[in-house]
Amino acid sequence: ATIIADDVAIAEAEQALADAEIALAMATITAPIDGRITVVNAVVGQESTGTAIQLQSTRLALAVSVTEDDILDLAVGQKATVAISATDETAIGTVTSVSPVASTSGSSTVVSYAVVVTLDEATGTTTATGSDAPAVATAASSPATTSAAPLPGMSAEITIVIAEATFVPAVAAMALSGSSGI
């Protein structure tokens, strides 16, 4: 009877160990994205309610408003440069979203569209949204990439490349003459 009781106790202990290993494996949290933990509201041994852990993405995406005059020149996939005021650095990004829905602000009759520019991963950046950042749609050459490390809320100026050309001769502005439109 003692041997049978001991065998039952061993079987129960083995089951408890297996259950504990499963619970440990399920206690591991794996984030769906790369990021930085900004808030931890979990306490060991206590049941968590609400937000236990808050994660901030390490990719910076800037949302800007573009006027109807410039929106037709923009498309997903276009390259952009982002000058970050606080770091005096320039980062490289890509247009990842162009809203087809127009909006207006207050009593203004100016129509604008939301455009999202996401910085390249090689930039080493964090997530932010800057709807007040100006959008400039201009043709530009590719600037040198730097190691900017902006933080959420920093001001930035975006230049979106709308056209590029190779093997184009450069002419100094001083060499040009004439009047507007000629």
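What pattern does the protein follow, read along the sequence?

## Overall layout

Read from start to end, the order is α-β-β-β-α-β-β-β-β-β. That gives 2 helices and 8 strands. Keep in mind that this is a predicted model.

Of the 182 residues in the protein, 20% are buried. The exposed area comes to about 12,500 Å², and carbon and sulfur atoms supply 58% of that. As for how the chain meets itself, take the contacts between residues at least 6 apart in sequence: 61% of them join residues at least 24 apart.

## Gln-78, a loop residue

Gln-78 sits in the loop between helix H2 (68–71) and strand S4 (79–84). Is Gln-78 buried or exposed? Its relative accessible area is 15%, and the cut-off for buried is under 20%, so Gln-78 counts as buried.

Who is around it? Setting aside neighbours within four places in sequence, Gln-78 is in contact with Asp-73, Gly-93, Thr-94, Val-95, Ile-160, Val-161 and Ile-162. Val-161 is a nice case of a partner from elsewhere in the chain: Gln-78 and Val-161 are 83 residues apart in sequence, yet their C-alpha atoms are 6.4 Å apart in space. On the polar side, a side-chain polar atom of Gln-78 lies 2.6 Å from the backbone nitrogen of Ala-75.

## Thr-118, a strand residue

Thr-118 belongs to strand S6 (residues 112–119). With 14% relative accessibility, Thr-118 falls under the 20% cut-off and therefore goes down as buried.

Its side chain makes a polar contact with the side chain of Thr-96, at 2.9 Å. Leaving out residues up to four places away in sequence, Thr-118 touches Arg-59, Leu-60, Ala-61, Gly-93, Thr-94 and Thr-96. Gly-93 and Thr-94 turn up in the contacts of Gln-78 as well.

## A nonpolar patch on the surface

Now for the outside. Ile-29, Ile-33, Ile-37, Val-40, Ile-53 and Leu-55 make a nonpolar surface patch of about 550 Å². Which strands each supply at least two residues of this patch? They are strand S1 (35–40) and strand S2 (53–57).

Leu-55 is one of the patch residues, and it lies in strand S2. Its relative accessible area is 33%. Since that value lies between the 20% limit for buried and the 50% limit for exposed, Leu-55 is classed as partly exposed. Patch members need over 30% relative accessible area, so Leu-55 clears that cut-off too.

How values were computed: Residues numbered from 1 in each chain as written. Predicted model: local features only at pLDDT ≥ 70, side-chain atom pairs only at ≥ 80, totals over all residues. Heavy atoms only, no water. Helix = DSSP H or I, 4+ residues; strand = E, 2+ residues; numbered from the N terminus. Buried < 20%, exposed > 50% of the residue type's maximum accessible area, 1.4 Å probe, protein only. Contact = heavy atoms within 4.5 Å. Areas by Shrake-Rupley, 256 points an atom, 1.4 Å probe, with all protein chains shown as cover. Polar contact = N/O pair within 3.5 Å; in protein donor to acceptor, adjacent residues only side chain to side chain. Patch = residues over 30% accessible without salt bridge, like charges linked within 9 Å, V, L, I, M, F, W, Y side chains within 5 Å. Salt bridge = Lys/Arg side-chain N within 4 Å of Asp/Glu carboxyl O.
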